[in-house]
Amino acid sequence: MGDELAIAREWMKQKGWRPQPFQEAAWQVLSEGGEGIVNAPTGSGKTYSLLLPFLAKFAGKKSAPEGLRLIWITPIRALSKEIQLAATRVIKDLDLPVTVAIRTGDTTTEERNRQKKVVPNVLITTPESLHLMFCAKGMSKLFRNLELLVADEWHELLGTKRGVMLELAISRLKTISPSLQIWGISATIGNLDEAIQTLLGTDRCEQAQLIRSDIKKEIEVISVLPDAPERMPWAGHLGTNLLPQLLPVIHRSTSTLIFTNVRSQCEIWYRKLLEADDELAGVMAMHHGSISKEIRSWVEDALYEGRLKAVVCTSSLDLGVDFAPVETIVQIGGPKGIARFVQRAGRSGHRPNSKSEIYFLPTHSLELIEAAALRKAVEDNYLEDRTPLTLCFDVLVQYLVTLAVGDGFAADETLRELRTSFCFSTITETEWKWALAFTSSGGESLGSYNDYHRIQEIDGRYFVTSQRIARRHRLSVGAIVSDTMMSVRLNRGGLLGHIEESFISSLNIGDNFWFAGINLELTRVKELTAFTKKSNKPGGRSPAWLGGKLPLSSKMSDMLRYKMEEAAEQKEWSDIELKFIQPIIELQKERSHVPAKNELLIEKFQTEDGYHVVIYPFEGRFVHEGLAALFALRISRMYPITFSFAYNDYALELLSDQPIRIEDALGEGMLETENLERDVLQGVNSSELANRRFRDIAAIAGLVFKGFPGQPIKERHLQSSSQLIFQVFEDYDPHNLLLRQSYDEVIHHQLELPRMRKALERMSLQHIVIKTPEKPSPFAFPVMVDRLRDRMSSESLTERIQRMSIDWSGD
């Protein structure tokens, strides 16, 4: 093994690189048969800490090793190509008899068939594609020589059902290949010990090694400031008005990545930038997950080769891809999480010891406080934890069918494997027997339907014997659930990408819309394909995708409260953003109050809309959604009153047609945590929320099927099917574990009940400051606008907001 490490060192020397201490440490542990996680900043060489020594051991060999030896798991398809390039570079330079291939959702049928005939030694893939390989007959033979599995950017999978899929796959691979080494790579995560336990499993985590880099990545946060702060800020108003300030940043950089949080923003910003500067035509591109593989690949190649001046993108370019020409990063709006911000910043200066620059462009002036908070968090390396998921029975049901479609499984052996995974380490015998019964016979309520008799026991092993069920299952493997996607094609041209059916259904033939940076006119719809032609019509909508809003993370909330207090109390500020927004802070002080960290601000005032109470926990929109429902319920128990409510990341608003007796409510225990779960579920119509969550659970568990190729099932029919099954479970199978899971997900993931409990505990200890401003304060204005946004068209909303801003911004 010493020779192999010497070869690795010599290869790096020839490249003009010097091995980092963490790379040397990882090489040594890997060579000794160890396992663990490599944690180092973006751009520091994490990939070669595991890939290089593994490949180097084949140096001098005349023939290729037999079968599959390394599986490299990536969370996004864009990263796969970069890993392949890195591996190919080493293989070519060292003249290794090693083959490498990619298998993702973009891989053609022809390429997949080629891989079956000639199995590559190194396979770069995703959790979904790995599970599809488990569906093949003879899968145990395919994996029996496997030596190493690497989960790249493990923090992106941890805490997701895709991560659970990988946990389950690893639990089986450890049985097939007992000497398999398991490693993870991660840059931005707080709970590394838990990350190791989740990846390696409960049976191996005690001996695992954490290899940490001592490289401290320097990140410079630069805010793009408007000419003057708005006196009454509101979300979305400022963003594109800052184009004159953004364009010089783009032009003086070699290449710039402009990150938006969601795909709809990406489409809008690309369009606005082209309208503002036609010189960007041909040297600017767009990249997000709904654009076709061909367009994405072209953008990645052009960026890598330095042919693009700018790319407007989403998280599709967050990870790992080494675009050396990228000099500058721009973040549009608050990233809502510290780790996400650090990850994106690392796309520039993507080399060890080089500085990263990231420009923060606010969508409203108050968001500049987030820029100051992010700078402080980066300095303190204050990163979020990724909480692992537990007992995801929808993923388990899918996994059991996957195993049964392939080589089949024995119940006792599979249960032992499951219990080595973090997700299912606590599964009981009763829960396991339920999963087997539900998958084989449909359980107590679906037993009359043959489609739910998916697996059968034959000679002590479970198999899928129906070819129809097996085919349906292969088409449904995965844990990413969205609205039914429709292909968007040019009448004379190729595939542009995919848009959710609900958006296409809202258009009429002849309507124009923007997608992939092109103004398109809808000409016809056939099955799940929207045919279009290029249009010169003015206007046109941009598509929206489900899940378009991200919540503020808990650690981001902590930093925001810290900087809010600093903005209010200090006279000299180290952050230019806090100095810039002082007119807003002073107006807030004049009309109301700026809360310190140990204070909870509550505002009461009346407008033509009614009686308002605005509360400022600064805990993120998901927690505020639950708190608004909770407070409304508890107040309504005191006296008859009805509410509407709104919420954003900073505050929540209760609105009624009669005065809200908030002082009495506080005295009656409005902030108490006793009976919290009961009250929250009652206040938010838990059954309806659980029903919505169940749509995804039903899809993952294979209870609803989206149709065969060329024979799609309409989205409304899919929703009706999942709603019907949910109601059947509610009425006739109340102990069904998928039903229980839907309520658990509402509580823990949508409403974030554990975080809500901590927030209430903190709020109950704070000094409560109640103010009654004559006019809404600058802090209240954004959440009031969000309430109006859900009720009015964009044109009438803008007119209304402008009038409100004029009326309320004066003294």
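The following exercises, each with a worked solution, concern selected helices and residues of a predicted model.

**Exercise 1. Helices α9 and α16**

Determine how helix α9 and helix α16 are oriented towards each other, and describe which residues make their contact.

*Solution.* Two packed helices are described by the angle between their axes and the distance between the axes. Step one is to take these two values: α9, which covers residues 161–176, packs against α16, which covers residues 393–405, at an angle of about 40°, and the axes are 10 Å apart. Step two is to classify the angle, and α9 is therefore oblique to α16. Step three is the sense of the crossing, which for α9 and α16 is right-handed. Step four is to list the residues that meet: from α9 these are Lys161, Val164, Met165, Leu168, Ser171 and Arg172, and from α16 they are Asp394, Val395, Gln398, Tyr399 and Leu403. Sorted by class, this contact of α9 with α16 holds six nonpolar, two polar and three charged residues.

**Exercise 2. Helices α4 and α13**

Carry out the analysis for helix α4 and helix α13, ending with the classes of the residues in contact.

*Solution.* Helix α4 spans residues 77–94 and helix α13 spans residues 293–304; they pack at an angle of about 50°, with 10 Å between their axes. The two helices α4 and α13 are therefore oblique to each other, and α4 passes α13 in a right-handed crossing. On the side of α4 the contact is made by Arg77, Ala78, Lys81, Glu82 and Arg89, while α13 contributes Arg296, Ser297, Glu300, Asp301 and Tyr304. When these residues are assigned to classes, the contact of α4 with α13 has two nonpolar, one polar and seven charged residues.

**Exercise 3. Helices α18 and α29**

Decide from the crossing angle how α18 and α29 are placed relative to each other, and name the residues of their contact.

*Solution.* The axes of helix α18, residues 429–441, and of α29 come within 11 Å and cross at roughly 115°. Angles from 65 to 115 degrees count as roughly perpendicular, and α18 and α29 are therefore roughly perpendicular to each other. The contact is made by Glu431, Trp434 and Phe438 of α18 together with Leu737, Leu738 and Arg740 of α29. These residues of α18 and α29 divide into four nonpolar, no polar and two charged.

**Exercise 4. Thr328 and Thr256**

Locate Thr328 and Thr256, establish whether each is buried or exposed, and describe their contacts.

*Solution.* Begin with Thr328, which is found in strand β12, residues 328–332. Its relative accessibility is 2%, and Thr328 therefore counts as buried. Leaving aside residues up to four places away in sequence, Thr328 touches Val249, Ser253, Ser255, Thr256, Leu257, Ser348, Glu357 and Tyr359. With one of these, Ser253, there is a polar contact of 2.7 Å between the side chains. Turn next to Thr256, which lies in strand β9, residues 256–259. Thr256 has a relative accessibility of 0% and so counts as buried. Beyond residues up to four places away in sequence, Thr256 touches Val249, Ile250, Lys309, Ala310, Val311, Thr328 and Val330.

**Exercise 5. Tyr650**

Describe the surroundings of Tyr650, and find the side chain with which its own side chain makes a polar contact.

*Solution.* Tyr650 is found in the loop between β23, residues 644–647, and β24, residues 652–656. Because its relative accessible area is 7%, Tyr650 is buried. Not counting residues up to four places away in sequence, it touches several residues, among them His364, Leu366, Glu367, Glu370, Leu560 and Phe618. The polar contact sought is with the side chain of Glu370, at 2.6 Å.

**Exercise 6. Two residues with positive phi**

Compare the settings of Asn675 and Glu752, starting from the phi of each.

*Solution.* Most residues other than glycine have a negative phi. Phi of Asn675 is near 60°, a positive value, and phi of Glu752 is near 50°, which is also positive. Asn675 has its place in the loop between α25 and α26, whereas Glu752 belongs to the loop between α29 and α30. With a relative accessibility of 38%, Asn675 counts as partly exposed; with 18%, Glu752 counts as buried, since the cut-off for buried is under 20%.

Methods: Residues are numbered from 1 along each chain as its sequence is written. This is a predicted model: local features need pLDDT of at least 70, side-chain atom pairs count only at pLDDT 80 or more; totals for chains, interfaces and linings use all residues. Side-chain values use heavy atoms; hydrogens and water are left out. Axes are lines fitted to C-alpha atoms, for helices over the stretch in contact, and angles run from 0 to 180 degrees between N-to-C directions. Helices (H or I, at least four residues) and strands (E, at least two) are DSSP runs, numbered from the N terminus. Angles under 35 degrees count as roughly parallel, over 145 as roughly antiparallel, 65 to 115 as roughly perpendicular and the rest as oblique. A crossing is left-handed if the near helix is turned anticlockwise from the far one by less than a right angle, and right-handed if clockwise. Contact means heavy atoms within 4.5 Å. Ala, Val, Leu, Ile, Met, Phe, Trp, Tyr, Cys and Pro count as nonpolar, Asp, Glu, Lys and Arg as charged, and the others, Gly among them, as polar. Buried means under 20% relative accessible area, exposed over 50%, partly exposed in between (1.4 Å probe, protein chains only). A polar contact is a pair of N or O atoms within 3.5 Å; within protein, one must be able to donate a hydrogen and the other to accept it, and residues adjacent in sequence count only if both atoms are side-chain atoms.
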